[in-house]
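Please open the structure in your viewer and keep the selection panel at hand. The stops below take you from one selection to the next.

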Amino acid sequence: MPLSGPGPRRVLVLGGTSDARRLATLLEGRAHVTSSLAGRVRAPVLPPGEVRIGGFGGIDGLVAYLRSSGTDVVVDATHPFAARMSAHAAAASRATGIPLVQLRRPGWEPDPSWTVLPSLVAAAAVLPGIGRRIFLTTGRQELAVFAGLDDLWFLARSVDPPAGPVPRHLHTILDRGPFTVAGETALMREHGIDVLVTKDSGGDMTAAKLDAARELDIPVVIVARPPLPPGFSQVTTAEDGVALLFAQPE
Ligand code: NAP
C-alpha cells in the first residue's frame, strides 16, 4: 500500500531504539505520534509524545489496534533483531492496507577479521575453539544459549539484569550506551577478555567495543541480522523517514 500525501495524521512508531525516539522527536507538531514499546526495559528512555507499553497480542491484536486507533502509517523502528515484531508489523500492514515504513540503521562496516555467524547458537558453538574469557553484549534475554559452556567465563553487559538460565561463570554489568573506545578498552583489559560476541546492531551508541577489540587484537564473533519482511519502503535514518512520510506524490 503506497504512502499518499499530504502526510499522515496518526503515526504508530514501533520503537525500543534511539532511531525511534529521534523519529518521534522529529514528527512532533507535524503528526500525532504514538510510540510503542515492548516493555522489556524497566526504566526505558521515553520518546516525546504519546507512549504505549506492552505487546499487542500478536498479529490480530495489532490489526485491531491499528483499526481502532485510526493509524494512517506504521513505522517499524524496532531493533534489527526484533524479528517477530517486524514480521507482525508486515502482516498487519498487509491485512489492513495501512502503509508500513521500515526504519533500520545500517549494520556495522564489516571487518574481514570478524567471524560472522547466522545465530547466537552458532556463536556459542564456536566459542570454545576461540577463547576462554568472553565479553557478551548480546542482550540479557538470550544468555541461556551460553549456559552449557561451563569451561568459559563470561562478562555480560545489559540494561537490566539477565532473565532465565545463565552461564555458570558469569559476571554481569548493568549499563547502557553510549560507550567510549577508552572505556571499552579499559573494561576488556580489566576482565582479561579474549573474545567479543555481539549482534550486528549497527549505530554509533555501541560501536566503540569493536574499535576497542581491534586495538586490543581481540577476535570478534558477530551475529548477522535476520532479514526484514520484503515488499515495504525502507529508510536508514529518522530524517529520511520523515522525508518519506511527507513526500509529495508525483
Ligand atoms: P520480538 O522478539 O521481535 O517481539 C516479541 C514480541 O514482543 C512481539 O510479538 C510483541 O508482542 C512484543 N513487542 C516487540 N516489540 C514491540 C514494540 N515496539 N511494541 C509493542 N510490542 C512489542 O522483540 P524483542 O527482540 O524481544 O525486542 C523487544 C523490544 O526491545 C523491541 O521493541 C526492540 O526494538 C527492543 N530491543 C531489542 C533488542 C534485541 O536485540 N532483540 C535490542 C535492543 C532493543 P505481541 O505479539 O504481543 O504484539
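The tour goes from the ligand to the domains and ends at two loops.

Before selecting anything, note that this is a predicted model, in which local features need pLDDT of at least 70 and side-chain atom pairs count only at pLDDT 80 or more, whereas totals for chains, interfaces and linings use all residues. Residues are numbered from 1 along each chain as its sequence is written, and side-chain values use heavy atoms, with hydrogens and water left out.

Start with the ligand and select the residues that have a heavy atom within 4 Å of it. This shell holds 21 residues, and the closest are Gly-15, Ser-36, Phe-56, His-79 and Lys-199. By class, 7 of the shell residues are nonpolar, 10 are polar and 4 are charged; here Ala, Val, Leu, Ile, Met, Phe, Trp, Tyr, Cys and Pro count as nonpolar, Asp, Glu, Lys and Arg as charged, and the others, Gly among them, as polar.

Next, colour strand E2 (32-37) and helix H3 (83-96), each of which supplies at least two residues of the shell; H3 gives the most, with 4 residues. Helices (H or I, at least four residues) and strands (E, at least two) are DSSP runs, numbered from the N terminus.

Now look for polar contacts, which are pairs of N or O atoms within 3.5 Å. A side-chain N or O atom of Ser-36 is 2.7 Å from a nitrogen atom of the ligand, while a backbone N or O atom of Phe-56 lies 2.7 Å from a ligand oxygen atom. At Ala-83, a polar backbone atom is 3.4 Å from an oxygen atom of the ligand. Of the 810 Å² of accessible area that the ligand has on its own, the protein covers 78% (Shrake-Rupley method, 1.4 Å probe).

Then colour domain 1 (10-106 + 227-245) and domain 2 (115-223), whose bounds come from an automatic or database domain assignment. Between them, 12 residues of domain 1 are in contact with 13 residues of domain 2, contact meaning heavy atoms within 4.5 Å.

Finally, select Pro-178, in the loop between strand E9 (170-174) and helix H5 (181-190), where a cis peptide bond with omega of about 5 degrees joins Gly-177 and Pro-178. Asp-217, in the loop between helix H6 (208-216) and strand E11 (220-223), has a positive phi, near 60 degrees.

Technical notes: Polar contact = N/O pair within 3.5 Å; in protein donor to acceptor, adjacent residues only side chain to side chain.
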